[in-house]
Amino acid sequence: NDAVYRGVVPGQAISAASLSPVVSSVATLRLQLKTKAPRIFVAGYYTSGDGGGGLYWYDSSDTTSVDNGGTIIVAADGARWKLAWQNYITVKQFGAKADNATDNSTAILAAIAYSKLSGAELVFTDGIYRHAQAFLFDWTGSRTRCFGKVTLRCTGSLSYAVGFDGGASSGTIYDVRFCPGNPPTIDAPSC
């Protein structure tokens with residue numbers, strides 16, 4: 001329910017002070033002052049409801065972490081806003097757009113790096129994700145999950161568009177079509 005996502009524990013009394021402020025995008029989060037609130041709910045990466053965002057908290061002890069575009073957002077005042085831990089991360093929380101137009105290379109590579117570092121499951125949701133850079137799924141103890149019909153479409157002329165490392169027996173991926181920039185399309189049904 002909305003209260004849980006806004007930082008309220010179920011069964012806890014709700015007051016105006018216990019609710020986290022809500023902003024529409026990560027860009028708006030970057031403009032928030034660290035003195036505004038200890039937690040801020042971001043309703044989307046670019047716009048409310050686009051699949052990005054989440055509950056972020058201000059880490060007052062951190063002054064050096066680099067902005068990774070997803071789980072660590074550095075605001076204009078130097079505050080480090082961190083995405084509340086969950087056991088999964090979506091590529092949309094790193095700014096990917098499943099619109100068959102945007103080059104999602106940076107967002108997907110950042111999400112893969114975070115997933116590998118944290119052990120969080122990497123999630124792609126319905127849509128066509130274009131990318132111009134190759135990326136490698138390292139399946140050593142990690143999982144990648146796709147919800148809906150997901151297409152990863154390479155727009156460059158690369159020696160490979162998507163690679164897998166670490167042994168497929170330790171990872172899960174399903175319902176994905178891997179589409180090189182030119183035909184033929186390679187379909188990857190459930191593994």
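User: Which residue follows helix 3, and what is the sign of its phi?

Analyst: In this predicted model, helix 3 is followed by glycine 119, whose phi is positive, near 85°. The helix itself has 14 residues and reaches 20 Å from its first C-alpha to its last, which is close to the 20 Å expected at 1.5 Å a residue.

User: Which residues of helix 3 are buried, and how should I read their spacing?

Analyst: The general idea is that an α-helix has 3.6 residues a turn, so residues three or four places apart point the same way. In helix 3, the buried residues are Ser105, Ala107, Ile108, Ala111, Ile112, Tyr114 and Ser115. Helix 3 also gives 5 residues to the largest nonpolar core, the most of any element.

User: How many residues does that largest nonpolar core hold, and which of them touch the most other members?

Analyst: The core holds 30 residues, and those touching the most other members are Leu29, Tyr56, Trp81, Val91, Phe124 and Tyr129. The elements that give two or more residues to this core are helix 2 (26–30), strand 2 (39–42), strand 5 (80–83), helix 3 (105–118), strand 8 (121–131) and strand 10 (144–154). Valine 91 can serve as an example: leaving aside its neighbours within four places in sequence, it is in contact with Ala96, Ala107, Ile108, Ala111, Leu122, Val123, Phe124 and Tyr129.

User: Moving on to the strands, in what order do they lie in the open sheet, and what is the sense of the pairing?

Analyst: As a general point, strands of a sheet pair through backbone hydrogen bonds, either parallel or antiparallel. Here 5 strands form an open sheet in the order 1-2-3-5-4, and the pairing is mixed. Strand 1 and strand 4 stand at the edges with a single partner strand each, so one side of each has no neighbour in the sheet. Going through the pairs, strand 1 and strand 2 run parallel and are joined by 2 bridges, with valine 22 having phenylalanine 41 of strand 2 as its bridge partner. Strand 2 and strand 3 (residues 54–58) run antiparallel over 4 bridges, and in this pairing arginine 39 stands opposite tryptophan 57. Strand 3 and strand 5 are likewise antiparallel, joined by 3 bridges, and tyrosine 56 has leucine 83 of strand 5 as its bridge partner.

User: Which strands pair with strand 8, and over how many bridges?

Analyst: Strand 6 (residues 88–90) runs parallel to strand 8 and is joined to it by 3 bridges, where tyrosine 88 has glutamate 121 as its bridge partner. Strand 7 (residues 99–103) pairs with strand 8 in the parallel sense over 2 bridges, and aspartate 99 stands opposite isoleucine 128. Strand 8 and strand 10 also pair in the parallel sense, over 9 bridges, with valine 123 opposite arginine 145.

User: Polar residues can be harder to read; is serine 20 buried or exposed, and which side chain does it make a polar contact with?

Analyst: Serine 20, in the loop between helix 1 (2–5) and strand 1 (22–23), has a relative accessible area of 2%, so it counts as buried. A polar contact of 3.3 Å joins its side chain to that of arginine 39, the residue that stands opposite tryptophan 57 in strand 3.

User: And where is aspartate 59 found, and which residues does it touch?

Analyst: Aspartate 59 is found in the loop between strand 3 and strand 4, and its relative accessibility of 10% is under the 20% limit, so it counts as buried. Not counting residues up to four places away in sequence, aspartate 59 touches Arg80 and Lys82, and its side chain makes a polar contact of 2.8 Å with the side chain of lysine 82.

User: Where in the protein chain is confidence lowest, and where is it highest?

Analyst: The mean pLDDT of the protein chain is 77, and 68% of its residues reach 70 or more. Confidence is lowest in strand 13 (residues 186–188), at a mean of 39, and highest in strand 4 (residues 72–74), at 97. Over residues 1–10 the pLDDT is below 50, and beyond near neighbours in sequence this stretch has 17 contacts in the model. Residues 180–191 also stay under 50, and for them the model has 18 contacts beyond four places in sequence.

Note on methods:
Residues are numbered from 1 along each chain as its sequence is written. This is a predicted model: local features need pLDDT of at least 70, side-chain atom pairs count only at pLDDT 80 or more; totals for chains, interfaces and linings use all residues. Side-chain values use heavy atoms; hydrogens and water are left out. A nonpolar core is a set of buried Ala, Val, Leu, Ile, Met, Phe, Trp, Tyr and Cys residues joined through side-chain atoms within 4.5 Å. Buried means under 20% relative accessible area, exposed over 50%, partly exposed in between (1.4 Å probe, protein chains only). Contact means heavy atoms within 4.5 Å. pLDDT is the predictor's confidence in each residue, from 0 to 100. The expected span of a helix is 1.5 Å times one less than its number of residues. A polar contact is a pair of N or O atoms within 3.5 Å; within protein, one must be able to donate a hydrogen and the other to accept it, and residues adjacent in sequence count only if both atoms are side-chain atoms. Two strands pair if DSSP finds at least two bridges between them.
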